[in-house]
Amino acid sequence: MSLSSWLANRLGPLSSFRKLSSAMKYFPVFMDLAGRDVLVTGGGEKALQKLRLLAKTTARVTVVAETISPEIGFLSQRHALSLQLRRLRPEDVEGKALAIGADDDARLNTELAEAAHAAGVAVNVVDAPELSTVIVPAIVDRDPVVVAIGTEGAAPIIARDLRTRIESWLPADFGRVASTAAALRPRVRAAIAQPAARRRFWEEFLRGPFRDRALAADLAGADQEAARALRDAGKGNHGSVVLVGCGPGDPDLLTLKALQALQDADVLVHDRLVNPAILDYARRDAVRIDVGKTPGGKATPQNEINRILVREALKGQRVARLKGGDAMVFGRAAEEIAAVRAAGIDVTVIPGITAAHAIAASVTLPPTLARKVRQLSVVTGATDDGAAELDWRALAAPGQAFAIYMGVRGAATIQQNLIKAGADPTTPVVIVENGTRPEERVIETTLADLGPAVIAEAVTAPAVIFVGLGWDEACLSRPARATLFAAVASQSAYPLSNDTTGHSPERIGRRA
Ligand code: SAH
């Protein structure tokens, strides 16, 4: 199961990726407690849990509690905790880097929080985010690698489940990879001056044989790998361009290669077809260049995009050109590839799921059907110069199905051209706007009503229009959220099934 659908199961409809990436309440940081003072109140199980964690640091820990459990007594001997067996006093918080309220007595925790707030000391009260200025994440500890997981207090169970998953996925000795690598840093710094080149070195190095050697505790082998990699590092480290098909929007539809390319890229060149949620999967320090719109609202011209790709790659950057859907379908890929190659730069392509395929799955509408639809075309409804001239006669022939991309604006013209070329006006049409995204809309109509449907339902791009495909033809039920549309004028010709007959309103509404 994918991560986001798993989250969706946990969180319900709240978990649309849009919402997940909205404003954070808590800013995640790691706090240096080396040699600093920390106060913990409470002498029971809650306090013990926090003290075990604090015992991994070199903080000076004071415990204030009227009574303590034997386990805390034992821990204090091994870790030199300072025990104060008395009631909390407000001045206890003074000079502390952090105060933790873990008392079983809620009143004492409140007193601690008040004292800490008054003194401006960071405070966490166990299970009481409303009293806390900081919260403690769930962690996976592979020291020095620590994964911290927070849910802003909303759903600790999710944090726990995620932690279990990460625990099982991250090798127990993973920390050794990091600490062995840390020891190499001065050598790498000396050998590779340029920061971007250095990062590339680390990316390849930490995924290669060095990692396996370090995990296997073969430190001599790890050192040999390091020496070899550093020798090779001097040889050619020019930039590159990768065209990445990012799919139709849902980040779970990224391929593993696309994900890897997103994380490797130094520069991301994206446009408005790429769902912003997908950018969250890239490195945070990667430069983002939006070629989708300028402040004036106009898209960057294609040759300007080509120039940007070349310019960034020539700086030695790894450039990812992010494309909606598949990288090669109606994406001006040929021009970009040619321009990049002409500058002597390597270019590769990672395929993505094109809109029509993703939508077919999302609305359960097979784009080919045994004995009925033997040919599926993908056509563009628009070109740079306006409406596209297509072979209308071929498209109008019976048994055809096709997906129109970029067809919203020209919908009425497309309808006219097809009918003039002999297409049956009752041919089923399915329009899907924002396919696979939380705001996906599905409208079913007929060719005779295509233009009116686009206007009446205020369809906007991006949308795919399927002609010659419908759920009835496939003997499948249409999704409950699909809207049936029939204009009044074409009522008599309206072929949509059984229980839609006899309606007069423009819009026949939803079907269960
Ligand atoms: N390379 C893209 C297509 C780019 S052309 C791909 O393979 O999907 C842009 C057109 O793609 C849009 O006008 C629309 O017709 C279609 N499209 C892209 N993403 C879409 C989405 N999420 N929902 C519906 N249509 C989409």
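This is a dialogue on reading the ligand site and a few buried loop residues in a predicted model.

Me: What should I look at before the details, for instance how many helices and strands the protein chain has?
Reply: Start with the overall make-up. The protein chain has 19 helices and 21 strands. Of its 512 residues, 48% count as buried. The exposed surface of the protein chain is about 26,300 Å², and carbon and sulfur atoms supply 55% of that area.

Me: How are the contacts in the protein chain spread over sequence separation?
Reply: Take the contacts with a separation of 6 or more, and ask how many join residues 24 or more positions apart. In the protein chain that share is 63%.

Me: Turning to the ligand, which residues come nearest?
Reply: A residue enters the shell if one of its heavy atoms lies within 4 Å of the ligand. There are 19 residues around the ligand here, and D326, V329, T354, G435 and A463 come nearest. By class, the shell divides into twelve nonpolar, five polar and two charged residues.

Me: Where does the ligand lie relative to the domains, and why?
Reply: Check which domains give residues to the shell. Domain 3 (240-353) and domain 4 (357-511) both do, so the ligand lies between them. At the level of secondary structure, α15 (355-362) and β19 (463-467) each supply at least two residues of the shell.

Me: Which polar backbone atoms pair with atoms of the ligand?
Reply: Look for N or O pairs within 3.5 Å. A polar backbone atom of G324 is 2.9 Å from a nitrogen atom of the ligand. For A355, a backbone N or O atom lies 2.9 Å from a ligand oxygen. A463 places a polar backbone atom 2.7 Å from an oxygen atom of the ligand. As for cover, the ligand has 540 Å² of accessible area on its own, and the protein covers 95% of it.

Me: Away from the ligand, is N275 buried or exposed?
Reply: Compare the relative accessible area with the cut-off, where buried means under 20%. N275 has a value of 1%, so N275 is buried. The residue is found in the loop between β9 (267-270) and α12 (276-279). A polar atom of the N275 side chain lies 3.0 Å from the backbone nitrogen of A277.

Me: And P251: where does it lie, and is it buried or exposed?
Reply: The same cut-off applies, under 20% for buried. P251 is buried because its relative accessible area is 6%. P251 lies in the loop between β8 (240-245) and α11 (256-264). Its C-alpha atom is separated by 9.3 Å from that of R437, 186 residues apart along the chain.

Terms used:
Residues are numbered from 1 along each chain as its sequence is written. This is a predicted model: local features need pLDDT of at least 70, side-chain atom pairs count only at pLDDT 80 or more; totals for chains, interfaces and linings use all residues. Side-chain values use heavy atoms; hydrogens and water are left out. A polar contact is a pair of N or O atoms within 3.5 Å; within protein, one must be able to donate a hydrogen and the other to accept it, and residues adjacent in sequence count only if both atoms are side-chain atoms. Accessible areas come from the Shrake-Rupley method with a 1.4 Å probe; for residues, only the protein chains shown count as cover. Helices (H or I, at least four residues) and strands (E, at least two) are DSSP runs, numbered from the N terminus. Ala, Val, Leu, Ile, Met, Phe, Trp, Tyr, Cys and Pro count as nonpolar, Asp, Glu, Lys and Arg as charged, and the others, Gly among them, as polar. Domain bounds come from an automatic or database domain assignment. Buried means under 20% relative accessible area, exposed over 50%, partly exposed in between (1.4 Å probe, protein chains only). Contact means heavy atoms within 4.5 Å.
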